[in-house]
Each structure stands twice: as C-alpha cells, then as structure tokens.
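Thank you all for coming. I would like to walk you through a structure that is new to most of us, taking one part after another, and I will try to be careful about what can and cannot be said.

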Amino acid sequence: MLHVSLEVTSTSKNNMTTRLPTFRFTKFQIFVHIVALLPLVILIIDALRGNLTYNPIQAATLRTGKTAMILLVASLACTPVNTVFGFTPAIKVRRALGLYAFLYALVHFSIYVGVDYGFDLQLILLELSEKRYVLVGFAAFLILLPLAITSTKGWQRRMKKNWKKLHRWIYAAGILVMFHFIWVQKSDIRQPLIWAGILAVLLILRIPRVRSRAVTFRTSRRAGGKKSAPPKPVEVNEPVVQ
Amino acid sequence: MIPIKSSEITPESVYHDRRKFMKGVGLAALGGLAVAACAPAVAQPTAAPAAATTGGTIAPAAPAASGAMTDELGDPVNTFEEITNFNNFYEFTTDKEKVAGMATDFPTRPWTVEIGGLVNNPAIFSIEDILSRFDQEERIYRLRCVEGWSMVIPWLGFQLSTLLELVEPKSNAKYVRFETLLDPEVMPGQRSNWFDWPYVEGLRIDEAMNPLALIATGLYGKDLLPQNGAPLRLVTPWKYGFKSIKSIVKIDLVEEQPTSLWMAAAPREYGFYANVNPEVQHPRWSQRTERRIGETKRRETLPFNGYGDEVAYLYEGMNLAAYY
C-alpha cells in the first residue's frame with residue numbers, strides 16, 4: 001500500500017500539471033480523525049460483542065449523544081483556540097470536527113427513531129410534544145442538518161456571505177444541545193453544567209471585544225509585560241462549519 | 001385473592017437456559033409434553049452456586065411446566081444475571097451496572113428491622129427471626145422502573161400484611177413509612193449530599209395490606225444479593241420500581257403521609273403514589289411504553305403494571321393524574 005501511494009505521488013509530481021486532490025494530512029489532523037472515529041469503532045465492537053450493558057439501546061443512544069456533544073464543543077473550540085491561543089492547526093480540523101459531531105448526532109437520532117421507537121411516528125410525535133428535552137434535541141439536529149450539507153467548499157463559494165450567516169446557527173445548536181443534556185438528567189446535573197460552562201466560555205470568546213482583550217492579554221504576557229500589537233488572527237481559508 | 005400462584009422453585013440452571021430450553025422444547029411444549037421434554041434439557045444443574053435457601057423449607061424442584069418460568073401473562077422471567085447486574089441503588093452508585101461490584105462486601109448480617117410507631121406491639125426483628133417466622137413463598141412479579149425499562153423477577157418473600165398484623169397497627173395509623181440503612185461507610189453513594197439520605201418510602205396502610213405487597217428476602221430461590229436490596233426489601237409491583245425500597249432497617253406506622261426521598265428531590269416528577277400509569281407522563285421517560293430488559297421492541301405499559309384487578313379498588317374515585 002505504502003509503495004503504491006508513493007508511486008502515485010511521484011507520478012503526479014513529474015507528469016501532471018493540473019492539481020490533483022491531495023490527501024496529505026498533518027499529524028494533528030490524523031490524530032483528530034482517529035480520536036473522533038474511535039467512539040464509533042468502540043460502539044460497533046461493543047454492540048457486536050453484546051457488551052453494551054443490559055439496556056443496549058439506551059446505552060448506544062447515550063454514548064452517541066454524548067460523543068456528538070463533545071465533538072460539537074470541540075469544533076466550537078477551534079476558532080478561539082486559534083485566535084486567542086494562537087494554535088493555528090485547530091482551524092484545519094474545524095470542519096471535520098463539525099461533521100463528526102453531525103455524524104454522531106445522526107446515529108444518535110437514528111437509534112432513537114429507528115431502533116428505540118421502531119419508527120412509530122405517532123409515539124415519537126407524542127414524545128416530541130411532551131418532553132422538552134426531545135424537542136430541543138430535535139431542534140439542534142434540524143440545525144446541524146443544513147450546516148453539514150453546506151459544509152463543502154462548493155457551497156461556501158456559492159452561498160458567499162450567506163454561508164457565514166447560516167453557519168453561525170451552530171451557536172444556537174450548541175446551546176440547545178446543552179439544554180437537551182441538562183434536561184435528560186435524572187438528578188445530578190453537574191456534568192452537563194460543566195460542558196455548558198465550557199460552551200459558554202467558547203461563545204463569549206467570540207465576542208469581538210472579549211476576543212481582542214484576550215489576545216492583548218496573551219501577547220502582553222508573552223512579551224514579558226511589554227506592550228506589543230496583537231497579532232492578527234490567522235486568515236481562515238478553509239471552509240468551516242461555523 | 002391472588003391470581004399469581006406461588007410456583008415451585010426452578011433450578012437456576014433451568015432459569016438461565018430457559019430461552020434455549022423453550023426453543024428446544026418447541027412445539028412439544030404446546031402439546032402439553034413440557035414435563036416429559038424438559039428432563040433432558042435439565043441434565044446439568046451444576047451451574048447453581050451454593051443455593052442455600054434461607055428458610056430451609058424450599059427444596060429445588062423440577063419445573064412442572066413452562067408456566068413456572070413466566071409471569072401470569074406468559075412472559076418469561078429475566079435471567080439471574082440481568083436481575084443482579086442491572087440495579088438502581090443510588091446508595092452505592094448511580095451506574096446501574098456497577099452496583100453489583102460495589103455492593104459485594106455490604107454486610108447483611110447481623111441485621112435488624114425495627115417496627116414501631118403507631119402499633120400495639122412494637123418489635124425489633126433480626127433477619128433470622130424474620131426468615132424463620134414468616135414462610136417464604138415465590139412470587140413472579142413484573143418490575144416497571146420509572147425510567148422506562150422493566151423486568152420479570154421471581155421473588156422470594158412474604159406478604160407485608162402478615163408482618164403488619166403481627167405488630168397490630170393502631171386505628172390512627174394511616175401510612176407505613178420505610179427507611180433504608182444509613183451508613184455511608186458501607187454505602188458510598190450516601191456520601192454524596194445530592195440526596196437527602198436515608199432513602200425513605202411510604203405506602204397508605206390499605207396499600208400495604210394489599211396481598212400483592214411483598215417483603216422480599218430472596219430471588220431465584222436464593223438469598224437476596226446486596227444489589228437487589230438484601231437482606232430484605234419491599235416489592236410493590238403495581239408501582240414504579242423506586243417505591244420498592246431496599247435494605248430496610250425501619251418500618252413505622254404513622255398518621256401523616258411520609259415524604260419519600262424522590263418526592264423531596266423532585267416533587268413534580270415523583271409523587272407519593274407512583275402507580276404505574278401510561279396516562280401520566282414524565283418529563284424524561286416514556287410511560288406509555290417500556291423496554292423489557294432482554295428485548296428490543298418496546299411494549300405498551302399496562303395500567304398498574306397489569307395488576308389493576310388486584311389494586312385498582314384502592315384508588316376508586318381518585319384522580320390519578322393529580323395523585324401521581
């Protein structure tokens with residue numbers, strides 16, 4: 001495998017003038033892809049081995065939901081991690097994290113509708129109308145759907161300014177997901193509150209005034225207290241989910 | 001009075017292999033040949049670990065028919081593994097699959113239960129007293145958890161009414177209040193102050209006197225394991241599982257309606273009655289349907305968990321949506 005791919009690369013270098021799609025990933029990107037896919041792999045292995053607790057459908061629902069939530073928070077962390085902390089590789093994985101969040105949300109949603117409720121629409125609609133956690137979870141999923149579809153470079157180009165407008169809805173989805181997570185708890189809501197707190201920080205760091213202050217603070221500390229002009233945040237050329 | 005007959009105890013190995021057993025028996029069982037057919041299937045009862053039954057009166061017997069392994073609706077009992085490894089017992093942990101491991105060293109001997117309050121004969125029973133004084137019988141009951149899952153469990157125990165009759169409630173006793181052991185040393189979940197320990201539950205006295213209300217001391221013909229509420233617990237099968245308080249140390253007859261732990265924690269979600277009711281919705285879990293552990297498809301939840309004939313009279317004229 002390795003040999004073949006090397007050959008292809010050298011061929012393209014020597015003979016091709018048109019740009020081939022390159023699939024070169026940085027180590028950080030590979031790391032992110034592996035980490036994001038791991039929960040799905042583990043879920044499938046556990047499901048096949050009958051290792052998903054005595055209530056496997058519920059366990060699979062909870063696991064995929066939680067993974068989706070964490071990945072959504074991770075994708076929302078990319079921008080502030082870049083602008084405020086200057087960790088530029090984060091931008092390269094933002095779209096992937098957003099899409100993985102959607103993937104897990106889709107699996108989560110499908111398990112609920114198809115496996116748990118067996119596509120019993122009447123029952124599902126009753127749940128939707130009676131249970132606020134179902135309602136906000138479904139709303140968040142409905143937001144993620146068009147964002148995932150329009151996450152490609154092509155859609156970004158076609159939609160121009162509207163693309164950014166549309167993808168800002170991810171903030172609303174994040175907030176709805178936190179309510180979903182809090183309301184589904186039986187008693188102890190400390191864990192969802194911690195995640196909601198992280199999300200709140202990530203959203204607050206996007207407010208222009210807060211962001212510029214944070215950048216100034218960081219750069220002044222690095223300069224040993226000396227004043228220096230805040231560096232411009234790295235220009236984002238990648239299509240991103242938010 | 002009770003349509004659920006206490007059945008003979010079935011060897012655990014037969015219980016475990018019941019699905020295989022049922023498959024093997026196949027149509028023959030339907031033809032009434034179950035007794036004959038079961039003999040080869042029960043060839044190796046070696047798996048049963050030290051089945052020391054407490055009362056000494058119960059001898060393992062071969063199942064008379066496949067009916068011995070189902071509830072009165074014909075649904076098979078859950079496996080011993082399911083019943084003893086999927087437990088809501090917040091005194092240990094909120095993780096249902098971790099309770100069993102954390103409760104292995106829970107000391108159930110010595111154990112005493114204090115019965116008092118508005119009674120003529122207050123008493124303190126040791127668990128040995130209880131086991132020798134009250135005949136243990138098997139009751140196969142459905143357990144419907146408020147979280148939307150359910151099981152069928154072959155309990156071993158005795159009617160709560162016989163215990164109450166012994167202590168003679170006074171005329172002003174209106175409710176029975178139960179209390180779980182409070183000992184954060186052995187119940188690490190009680191170190192969390194998220195709940196107002198100890199666990200408290202209550203029944204109206206007529207509910208407590210209903211023949212279905214059971215004090216369970218065992219299941220599958222063996223002593224209760226700590227994760228199931230050893231050494232003795234309440235079982236009220238027409239109510240959501242949380243009413244069936246575990247590891248009881250105190251029973252009081254009282255005049256005022258007791259406030260249970262869950263009523264105190266979330267009064268809008270958990271009421272005093274907590275009767276299984278598909279008409280009364282919960283903010284999180286479907287009460288119209290439930291998932292039987294071991295099954296994929298949801299089942300419709302039955303009013304009073306299917307025990308309406310036995311208990312509905314208790315609530316005549318009551319608005320069960322208001323008294324949930």
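Let me begin with a term that I will need shortly: two strands are said to pair if DSSP finds at least two bridges between them. With that in hand, look at strand E5 of chain B, residues 175-180, which runs antiparallel to E6(B) and is joined to it by 5 bridges. Within that pairing, Phe178(B) has Glu201(B) as its bridge partner in E6(B). Strand E6 itself, residues 200-204 of chain B, is mostly covered, with 4 of its 5 residues buried.

Before going further I should say that this is a predicted model, and that its scores are an ipTM of 0.79 and a pTM of 0.81. For chain B the average pLDDT is 85, and 79% of the residues score at least 70. There are stretches to treat with caution, however: over residues 1-9 of chain B the pLDDT is below 50, although this stretch has 20 contacts in the model beyond near neighbours in sequence. The pLDDT is likewise below 50 over residues 18-67 of chain B, where the model has 63 contacts beyond near neighbours in sequence.

Let me now set the two chains out in turn. Chain A has 12 helices and 0 strands, and of its 242 residues, 29% are buried. Among the contacts in chain A with a separation of 6 or more, 66% are between residues 24 or more positions apart. In chain B we find 10 helices and 12 strands, and 43% of its 324 residues count as buried. For chain B, if we take the contacts between residues at least 6 apart in sequence, 70% of them join residues at least 24 apart.

In chain A, I would like to pause at helix H7, residues 132-149, and ask how far apart its end C-alpha atoms are. They are 26 Å apart, which agrees with the 26 Å that its 18 residues should span at 1.5 Å a residue. The buried residues of H7(A) include Val134(A), Phe141(A), Ile143(A) and Leu147(A), and the buried residues of this helix pack against helices H5 (94-116), H6 (121-130), H9 (161-167) and H10 (169-183) of chain A.

Turning to the interior, in soluble globular proteins nonpolar side chains tend to be buried together. Here the largest nonpolar core has 67 residues, and those with the most contacts inside it are Ile153(B), Trp155(B), Leu214(B), Ile215(B), Ala216(B) and Leu219(B). Strand E4 of chain B, residues 149-159, provides the largest share of this core, namely 7 residues. There is also a second, separate core of 44 residues, which includes Val32(A), Met69(A), Ile91(A) and Phe109(A).

Strand E4 of chain B is also where Leu156(B) lies, so let me ask whether Leu156(B) is buried or exposed. The cut-off for a buried residue is 20 or more other C-beta atoms within 10 Å, and Leu156(B) has 24, so it is buried. Leaving aside neighbours within four places in sequence, its contacts include Gln136(B), Ala216(B), Gly218(B) and Leu219(B). Although Leu156(B) and Gly218(B) are 62 residues apart along the chain, their C-alpha atoms are separated by 4.5 Å.

A second residue to look at is Phe89(B), which is found in the loop between H4 and helix H5 (99-102) of chain B. Phe89(B) is buried because 24 other C-beta atoms lie within 10 Å, and, not counting residues up to four places away in sequence, Phe89(B) touches Val99(B), Ala103(B), Gln227(B) and Lys246(B).

Finally, where do the two chains meet? In the model, 18 residues of chain B are in contact with 15 residues of chain A. On the side of chain B that touches chain A, helix H4 (80-85) and strand E11 (289-292) each supply at least two residues. By class, that side of chain B has 6 nonpolar, 5 polar and 7 charged residues. I will stop there, and I am happy to go back to any part of the structure.

Key:
Residues numbered from 1 in each chain as written. Chains lettered and ligands numbered in written order. Predicted model: local features only at pLDDT ≥ 70, side-chain atom pairs only at ≥ 80, totals over all residues. Contact = placed C-beta atoms within 7 Å. Nonpolar A, V, L, I, M, F, W, Y, C, P; charged D, E, K, R; others polar. Core = buried A, V, L, I, M, F, W, Y, C linked by C-beta atoms within 7 Å. Buried ≥ 20, exposed ≤ 12 C-beta atoms within 10 Å, placed from the backbone. pLDDT = per-residue confidence, 0-100. Expected span 1.5 Å × (residues − 1).
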